[in-house]
Amino acid sequence: MDHSAATQRQRILEYLQKHQHGANTMELVKNLDILRPAARISELRRLGYDIISHRRRILGHDGVAVYILLSTPK
């Protein structure tokens, strides 16, 4: 599996587009094999993607980031 940052960003974008309710850090690590989702999200934001995040308690873990894609660059 390709683990380049560009490929990871693409996989995250596709996942966020498919899961419009959002995706949390644990999902991205488990389902997409991305070890540092926050770094890839930060890169996507710099590329112009409007991605919001908030923290939730998930499966007994406090402060898990949930990411929602609001729009793509124009």
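In this predicted model, strands S1 and S3 (residues 61–71) pair in the antiparallel sense, with two bridges between them. That pairing belongs to an open sheet of three strands, ordered S1-S3-S2 and antiparallel in its pairing. Helices H1 (residues 5–18) and H3 (residues 37–46) lie across strands of this sheet, and the two helices also pack with each other.

**The sheet**

- Going along the sheet, you meet S1, then S3, then S2.
- The edges belong to S1 (23–24) and S2 (50–58), each of which pairs on one side only.
- To find where S1 meets S3, look for Asn24, which stands opposite Val66 in S3.

**Helices on the sheet**

- H1 lies across S1, S2 and S3, and its direction makes an angle of about 85 degrees with S3.
- H3 lies across S2 and S3, running at about 155 degrees to S2.

**Helix against helix**

- H1 and H3 have axes 10 Å apart and pack at an angle of about 85 degrees.
- H1 is therefore roughly perpendicular to H3, as an angle of 65 to 115 degrees counts as such.
- By class, the H1 contact with H3 has seven nonpolar residues, one polar and three charged.
- On the H1 side, the contact is made by Ala5, Gln8, Arg9, Ile12, Leu13 and Leu16.
- Facing them from H3 are Pro37, Arg40, Ile41, Glu43 and Leu44.

Key:
Residues are numbered from 1 along each chain as its sequence is written. This is a predicted model: local features need pLDDT of at least 70, side-chain atom pairs count only at pLDDT 80 or more; totals for chains, interfaces and linings use all residues. Side-chain values use heavy atoms; hydrogens and water are left out. Two strands pair if DSSP finds at least two bridges between them. Helices (H or I, at least four residues) and strands (E, at least two) are DSSP runs, numbered from the N terminus. Contact means heavy atoms within 4.5 Å. Axes are lines fitted to C-alpha atoms, for helices over the stretch in contact, and angles run from 0 to 180 degrees between N-to-C directions. Angles under 35 degrees count as roughly parallel, over 145 as roughly antiparallel, 65 to 115 as roughly perpendicular and the rest as oblique. Ala, Val, Leu, Ile, Met, Phe, Trp, Tyr, Cys and Pro count as nonpolar, Asp, Glu, Lys and Arg as charged, and the others, Gly among them, as polar.
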